[in-house]
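Colleague: Please walk me through this one slowly, since I am still learning how to read such pictures.

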Amino acid sequence: MVFRFLLYPFALLYGAGVWGRNLLFDCKILSSERFPVPVICVGNLEAGGTGKTPMIEYLIRLLKDKYRIATLSRGYKRKSKGYVLADKDSTPALIGDESYQIKRRYPDVTVAVDKNRCRAIHNLLKLPEDVRPQVILLDDALQHLSVQPSFSILMTNYNRLYYKDKLLPVGRLRESKRGVRRANIVVVGKCSRSLTPTDCRVIEKEMKLSAHQELFFSIISYRSPEGVFPDKCSPLALEHIRRDDEILLLTGIACPKPLVEKIKTYSDRVKAVSFPDHHDFTKRDIRKIHAELLRMKSDRSLMLCTEKDAARLRANPHVPDEWKTRLYAVPIRMEFMFDRGKQLDGHILRHILPVGKSLRQ
């Protein structure tokens, strides 16, 4: 507690710097560019762990059969520089694990990475007409004010709501809570399934959103595990896991607790090994994990990980062959509570319609 108190002066300095930068954009001293296609930004005020990637994938599923879609992100922790347009041979090292995950799951979607979002959008709009995107999804770009999105979705974690948080480094906020004003829609992600409409009204009251902003609540749905090395793994369903099955659960994400709790509802023998978000597994890490695996005595022992971790492990040269028959990723999907998904879909589609041209008209 004392250490946290000592960080407050640094939080004030950080907040002043962010406020000054935002003011330069507000006063038009720094320019912000708008583009001739719908640009939907998915971002947050906190540093990580709010469910931006599941939201991007939700939008892809909503739009991909109607429009040519491109996703654009920084490509966090990639080894490459500048603008990169992904193809079927792109690796996590080239485009980042989240972009790799999206390209692998949705190969027909254009995926690009670039720290300079304006440059990347210009490059995307220079693509040949038959592949040029009609809608661009910006991942983690709420603070990139050089791009003026046509629609913004702000994500916040139910277990750490932005209005209860503090600025870095005291808390996890990247900017002041006033940043929520730039959002058209706020989505509370990773909610408990026991959340009631009364609970939601309390949160909505505390957020004090503007009249034009709408609030939605979402949960994470866990799907049947998929082999990280699919040609070597047999099919597996979560409901087929037995209470006495030994499970080694690997996570390199910001908030592993919900997944750990979910897997523990299937097995009483779960060993969770957690690493930092976007962790690049080293040879030493692999040895440590393998030692845990060797301690498991059951011939039905399994290894589970997240899709983001699967992206890194699939390309990791140190992964033993022994893992390849028992290592599965647990896919997730975002679902909206209280049957409000169609309402959110309507907001997105009505926004796009005046600008984008449907491919299925």
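**From the surface inwards**

Modeller: Phe5 counts as exposed because its relative accessibility is 59%, where exposed means over 50% relative accessible area, buried under 20%, and partly exposed in between (1.4 Å probe, protein chains only). Before we go on, please keep in mind that this is a predicted model, in which local features need pLDDT of at least 70 and side-chain atom pairs count only at pLDDT 80 or more, while totals for chains, interfaces and linings use all residues. Residues are numbered from 1 along each chain as its sequence is written, and side-chain values use heavy atoms, leaving out hydrogens and water.

Colleague: Okay, and where is Phe5 found?

Modeller: Phe5 is in helix α1, which covers residues 2-6; helices (H or I, at least four residues) and strands (E, at least two) are DSSP runs, numbered from the N terminus. Together with Leu6 and Tyr8, Phe5 makes a nonpolar surface patch of about 340 Å². Such patches take residues with over 30% relative accessible area and no salt bridge, joining nonpolar side chains (Val, Leu, Ile, Met, Phe, Trp, Tyr) within 5 Å and like charges within 9 Å, and the areas come from the Shrake-Rupley method with a 1.4 Å probe, only the protein chains shown counting as cover for residues.

Colleague: Switching to rings, how many aromatic pairs does the structure hold?

Modeller: The structure holds four aromatic pairs, a pair being two rings of Phe, Tyr or Trp (its six-membered ring) with centres within 6.5 Å, called stacked if the planes are under 30 degrees apart, edge-to-face if over 60, and tilted for the rest. The rings of Tyr162 and Tyr163 have centres 5.7 Å apart and planes at 90°, so this pair is edge-to-face. Tyr162 and Tyr163 are both buried.

Colleague: What about Phe216 and Phe336, how do their rings sit?

Modeller: Phe216 and Phe336 also form an edge-to-face pair, with 6.2 Å from centre to centre and 80° between the planes. Phe216 lies in strand β8 (residues 214-222) and Phe336 in strand β14 (residues 332-336), so the pair ties together parts that are 120 residues apart in sequence. Phe216 is buried, as is Phe336, and ring pairs link these two with Tyr58 into a cluster.

Colleague: Which charged end sits over the ring of Phe216?

Modeller: That is Arg340, whose charged end sits over the ring of Phe216 at 4.1 Å from its centre; the rule asks that NZ of Lys or CZ of Arg be within 6 Å of the ring centre and within 35 degrees of the ring normal. In another case, Lys324 lies over the face of Phe229, 5.2 Å from the ring centre.

Colleague: You mentioned Tyr58 in the cluster, so how covered is its helix?

Modeller: Tyr58 is one of the buried residues in α3, a helix that is mostly covered, with eleven of its twelve residues buried. The buried residues also include Lys52 and Glu57.

Colleague: New topic: how many salt bridges are there?

Modeller: The count comes to 23 salt bridges, each being a side-chain nitrogen of Lys or Arg within 4 Å of a carboxyl oxygen of Asp or Glu. In one of them the side chains of Arg105 and Glu307 meet at 2.4 Å, N to O. This pair links distant parts of the chain, as Arg105 is in helix α5 (residues 97-105) and Glu307 is in helix α10 (residues 307-314), 202 residues apart.

Colleague: Is Glu307 buried or exposed?

Modeller: Glu307 counts as buried, at 12% relative accessibility, whereas Arg105 is partly exposed, with a relative accessible area of 31%.

Colleague: Where does Lys308 fit in, and which residue does Lys308 form a salt bridge with?

Modeller: Lys308 forms a salt bridge with Asp277, and the closest N and O atoms are 3.0 Å apart. Here too distant parts of the chain are linked, with Lys308 in helix α10 and Asp277 in the loop between β11 (269-274) and α9 (283-294), 31 residues apart. Lys308 is buried, with a relative accessible area of 14%, while Asp277 counts as partly exposed at 23% relative accessibility.

Colleague: Which residues are linked in a network of salt bridges?

Modeller: Asp97, Asp309 and Arg312 are linked in such a network.
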